[in-house]
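Here's a quick tour of the fold you have open. Grab a coffee and keep the viewer handy.

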Amino acid sequence: MSTRDVDSLASADHQMAMAEAQRIAAAAGRGISSVDILIGMLRTGGAAARLLAERGIHEAAIEVLGCRVRPDQGLDATAV
């Protein structure tokens, strides 16, 4: 697998995670936050989800903790 192939896979994972994060935020009626991005990564799978799971970080835990913190203000999704 070439470096270009790896970049394409990472890009596809990133795009799917960001699309899911935007869907989550829109359903909640607010702007996207870092919690939405983490949940998006976990829901869509891919390398980031595997790494988070290996470290014991799961969607349910992020959702619980996300309710306890103040959402990011003015997060620019295009800069992520």
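A residue is called buried under 20% relative accessible area, exposed over 50% and partly exposed in between, using a 1.4 Å probe and protein chains only. Thr78, sitting in the segment after α4 (59-66), is exposed, with a relative accessible area of 71%. Its C-alpha atom is separated by 9.4 Å from that of Met18, 60 residues away along the chain.

Before going further, a word on provenance: this is a predicted model, where local features need pLDDT of at least 70, side-chain atom pairs count only at pLDDT 80 or more, and totals for chains, interfaces and linings use all residues. Numbering starts from 1 along each chain as its sequence is written, and side-chain values use heavy atoms, with hydrogens and water left out.

**Overall layout**

The protein chain has four helices and zero strands, so to read the labels you need to know that helices (H or I, at least four residues) and strands (E, at least two) are DSSP runs numbered from the N terminus. The order from the N terminus is α-α-α-α. Of its 80 residues, 22% count as buried. The protein chain exposes about 5400 Å², with carbon and sulfur atoms supplying 57% of that; the areas come from the Shrake-Rupley method with a 1.4 Å probe, and for residues only the protein chains shown count as cover.

Contact here means heavy atoms within 4.5 Å. Among contacts in the protein chain with a separation of 6 or more, 42% are between residues 24 or more positions apart.

**Three residues to click on**

| Residue | Place | Relative accessible area |
|---|---|---|
| Arg23 | helix α1 | 45%, partly exposed |
| Ser33 | loop between α1 and α2 | 3%, buried |
| Thr78 | segment after α4 (59-66) | 71%, exposed |

Leaving out residues up to four places away in sequence, Ser33 touches Asp72 and Leu75. Arg23 is 13 residues from Asp36 in sequence, and the C-alpha to C-alpha distance is 8.9 Å.

**The cores**

Which residues make up the largest nonpolar core? They are Met18, Ala21, Ala25, Ile32, Ile37 and Ala77, six residues in all. A nonpolar core is a set of buried Ala, Val, Leu, Ile, Met, Phe, Trp, Tyr and Cys residues joined through side-chain atoms within 4.5 Å. Helix α1 (residues 3-28) gives the most to this core, with three residues. Apart from this core lies another one, of five residues, including Ile24, Leu42, Leu52 and Ile62.

Back to Met18: not counting residues up to four places away in sequence, Met18 touches Ile32, Ile37, Ala77 and Val80.

**Where α2 meets α3**

Helix α2 (residues 34-44) and helix α3 (residues 47-54) have axes that come within 7 Å and cross at roughly 100°. Those axes are lines fitted to C-alpha atoms, for helices over the stretch in contact, and angles run from 0 to 180 degrees between N-to-C directions. The two helices are therefore roughly perpendicular to each other, a label for angles of 65 to 115 degrees. On the α2 side the contact is made by Leu38, Met41 and Leu42, and on the α3 side by Ala48, Ala49 and Leu52. By class that gives six nonpolar, no polar and no charged residues, where nonpolar covers Ala, Val, Leu, Ile, Met, Phe, Trp, Tyr, Cys and Pro, charged covers Asp, Glu, Lys and Arg, and polar covers the others, Gly among them.

The buried residues of α2 are Asp36, Ile37, Ile39, Gly40 and Leu42. Just after α2, Gly45 takes a positive phi of about 80°.

Definitions and conventions
Angles under 35 degrees count as roughly parallel, over 145 as roughly antiparallel, 65 to 115 as roughly perpendicular and the rest as oblique.
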